[in-house]
Amino acid sequence: MLAVSDTGVGMSTDVQKRLFEPFFTTKGPGKGTGLGLATVYGIVKQSGGIIDVYSELGMGTTFRVYLPRVDEAVPTPHAPDGPAVPGRGSETVLLVEDEPSLRDLAREVLETFGYGVVEAASPEAALERSRAHPGVIHLLVTDVVMPQMNGRQLAAVLREERPDMRVLYMSGYTDDAIVRHGVLDARASFLAKPFTPEGLGRKVREVLDAPSA
């Protein structure tokens, strides 16, 4: 059992009932997209464990994570399949991410691997940038959870205008949580945050090189 406690403002009973929902937030519109606890819940459940929360208003919160005991030896991890260094490309990528530091990092990584990058900080800006771009946009790389319009909705609008464009979704939530709550189809290309530069490069190349549906 792993316990994590704080001495903060605590949570009401109503908040506690919803705190593991991926898109539940106690913040106002535009102030945040969720508590992030759906990611924790997904990891614990996938590991065969359970998570318990106890909280009182004005007294703080304690989370307890229970994981199963493993008696057998832990297997030696194997190196991931595929090339250590992702293949380079020259395609154009529309990058949509509302977190500035992550957007800057992703742009730098993509440019390092040879891609042309059109970046946008919001779905509205992405639509404007796409319509103003005169050439082909080969791939949309978009966050899933954004204010006003989520990544799936953005992709649907853009694909009406650019039907050959491929899509790669990013999220800090697990793909299981995203699919389970009906935000993405299980067949969608997905990259979990945080990711390494090599992980992003490999996934982009994988989506671009995949056979057409």
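This is a short talk on a small sheet, the helix lying across it, a helix pair and one exposed serine in a predicted model.

Hi everyone, thanks for coming. Please keep in mind throughout that this is a predicted model.

Let's begin with the sheet. It is open and has three strands, in the order E1-E3-E2, with antiparallel pairing. As a reminder, strands of a sheet pair through backbone hydrogen bonds, either parallel or antiparallel. Which strands sit at the edges here? They are E1, residues 2–5, and E2, each of which pairs on one side only. On average, and ignoring direction, neighbouring strands in this sheet are turned by 15° against each other.

Now look at E2 and E3 together. Seven bridges join these two strands in the antiparallel sense. If you'd like one pair to click on, take Asp52, whose bridge partner in E3 is Arg64.

Next comes helix H2, which spans residues 37–46. H2 lies across E2 and E3, and runs at about 145° to E2. Which residues of H2 are buried? They are Leu37, Ala38, Thr39, Gly42 and Val44. Their cover includes strand E2, residues 50–56, and strand E3, residues 60–66. And just after H2 there is a nice backbone detail to check: Gly48 has a positive phi of about 80°.

Let's move on to a helix pair. H3 covers residues 100–112 and H7 covers residues 197–209; they pack at an angle of about 60°, and their axes are 10 Å apart. Because of that angle, H3 counts as oblique to H7. Their crossing is right-handed. Who makes the contact? From H3 we have Ala106, Val109 and Leu110, and from H7 we have Pro197, Leu200 and Val204. Sorted by class, this contact has six nonpolar residues, no polar ones and no charged ones.

Leu110 also gives me a handy bridge to my last stop, Ser90. Between the C-alpha atoms of Ser90 and Leu110 the distance is 9.8 Å, while in sequence the two are 20 residues apart. You'll find Ser90 in the loop between E3 and strand E4, residues 92–96. Is Ser90 buried or exposed? The relative accessible area of Ser90 is 66%, and exposed means over 50%, so Ser90 is exposed. Ser90 still has company: leaving aside residues up to four places away in sequence, Ser90 touches Gly114 and Tyr115.

That's my tour, and I'm happy to turn the model around for anyone who wants another look.

Definitions and conventions. Residues are numbered from 1 along each chain as its sequence is written. This is a predicted model: local features need pLDDT of at least 70, side-chain atom pairs count only at pLDDT 80 or more; totals for chains, interfaces and linings use all residues. Side-chain values use heavy atoms; hydrogens and water are left out. Buried means under 20% relative accessible area, exposed over 50%, partly exposed in between (1.4 Å probe, protein chains only). Helices (H or I, at least four residues) and strands (E, at least two) are DSSP runs, numbered from the N terminus. Contact means heavy atoms within 4.5 Å. Axes are lines fitted to C-alpha atoms, for helices over the stretch in contact, and angles run from 0 to 180 degrees between N-to-C directions. Angles under 35 degrees count as roughly parallel, over 145 as roughly antiparallel, 65 to 115 as roughly perpendicular and the rest as oblique. A crossing is left-handed if the near helix is turned anticlockwise from the far one by less than a right angle, and right-handed if clockwise. Ala, Val, Leu, Ile, Met, Phe, Trp, Tyr, Cys and Pro count as nonpolar, Asp, Glu, Lys and Arg as charged, and the others, Gly among them, as polar. Two strands pair if DSSP finds at least two bridges between them.
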